[in-house]
Amino acid sequence: MNNLINTFQNVFNCTEEPRTFFAPGRINLIGEHTDYNGGHVFPTSISFGTYALGKRRTDTRFRFYSMNFPETGVVECDLSDLRFNDTHDWANYPKGMIHHLIKAGYSLKHGADILYYGDIPNGAGLSSSASIEMATGVLLEYLFELNIDRIEMIKLGQKVENDYIGVNSGIMDQFAIGMGKRNHAILLNCQTLDYNYAPIELQDHAIMIINTNKQRTLAGSQYNERRQQCEEALTDLKSELSINSLGDLTTEQFEQYKHLIQNDINRKRAKHAVAENSRTLEALNKLQNGDLEGFGQLINASHQSLRHDYEVTGAELDTVVEAAWKQEGVIGARMTGAGFGGCAIAIVPKSKIDDFKDNVGQIYQHQFGYSATFYTATLGDGAKEITEGAL
Ligand code: GLA
């Protein structure tokens, strides 16, 4: 923390202590590609995240610096011009957040100096971008005493992705990051935004995060295309059914009406969305009944469906997940997040973590010629101020 404060003072040439904020990253236990289909998700916030240190200015300038992208240097802009700018690179995320806060009616009269440091691996699908958005949101809320309703802040974060960056993502990432609770996952109904916290007690098991180190950005992926395919499927279903989203259908109803979907590929996409939604609800049930094995089987089924019906896994994720399934005592494993690369999760006996890393690591290295990275997930709190002495 001292290092961050020193860097802040050096970069912005000041002696005052900034205030410090933190927003986590997230993993999703199950419920993938269901959020924008009006279904349920079951994510948790993790202890990796984004630190944002900030100080108000007396003029209308904003200065942003990221310790993760020192080569970009300090990015500057004025309150009067918060338009997306390619050359501002990563700083478009905080700029987008400020832009949308103002658009939503929050009054910002002054700028700020803000330093970011993130320990979420980039492009790993652990929501580093939503983490920057939410870190910026809480920082602005506290620095400028804005009193922003948390759910509204979450929705604004999603708007940044949708309208400012151009990724049609759902609400899951910002929600998990904004509302996260230590050692809990959140069952969220993405249509109504009703949610419940569920304690994650995995007995003698830990959640491992396996980063394939195959980077991807959502803007460059087929994410928007998948969303479009689901929307087309929904339009076809609506010709006879009165539903708002794929999340309204049970798997039985889907079987009964799937012939309405004209295009074979769209039918597969919708099949995943409907089945994954029901798996997610079932998964919470299993967990609450202490049925870890049953929970694991649903996690495995989720991966199969994302692989064969939604087609967002790819060779790297399939390899780590298949390797994970074969390891002794593993309860379940699947890709997490959008897919196309990024991370998988596995529920591994604590006593077998080292063997797990060695074995899965070797298989991966052998197949792709570079290594995967392993982390034991710690489930932390949602976005908040962490300034020492201010808590
Ligand atoms: C990304 C998006 C989320 C969600 C997941 C897939 O993380 O940002 O909204 O759609 O992919 O479940």
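User: What is the volume of the largest cavity?

Analyst: About 120 Å³. Keep in mind that this is a predicted model. A search of the whole structure turns up one cavity of 30 Å³ or more. Its lining takes in 13 residues, with Arg 26, Asp 35, Met 172, Asp 173 and Tyr 223 closest to the centre.

User: What makes it a cavity and not a pocket?

Analyst: A 1.4 Å probe fits inside a cavity but cannot get out, whereas a pocket is an open set of points. The grid is laid over the protein atoms alone, and the ligand sits in the largest cavity.

User: How do you know where the largest cavity lies relative to domain 1 and domain 2?

Analyst: Look at who supplies the lining: domain 1 (2-198 + 380-386) and domain 2 (201-376) both give residues to it, so the cavity lies between them. The shell around the ligand also draws at least three residues from each of those domains.

User: Why is the pair formed by Asp 35 and the ligand called a polar contact?

Analyst: The cut-off is a pair of N or O atoms within 3.5 Å. A polar side-chain atom of Asp 35 lies 2.5 Å from a ligand oxygen, so the pair qualifies. His 33 passes too, with a backbone N or O atom 2.7 Å from an oxygen atom of the ligand. For Gly 170, a polar backbone atom is 2.9 Å from a ligand oxygen.

User: How much of the ligand's accessible area does the protein cover?

Analyst: The protein covers 97% of the 300 Å² that the ligand has on its own.

Notes. Residues numbered from 1 in each chain as written. Predicted model: local features only at pLDDT ≥ 70, side-chain atom pairs only at ≥ 80, totals over all residues. Heavy atoms only, no water. Polar contact = N/O pair within 3.5 Å; in protein donor to acceptor, adjacent residues only side chain to side chain. Areas by Shrake-Rupley, 256 points an atom, 1.4 Å probe, with all protein chains shown as cover. 1 Å grid on protein atoms, 1.4 Å probe; cavity = no way out; pocket = protein on both sides within 12 Å on 5 of 7 lines; lining within 4 Å. Sits in = over half its atoms within 2 Å of the grid points. Domains from an automatic or database assignment. Points joined across faces, edges and corners; volume = space filled by probe spheres on them.
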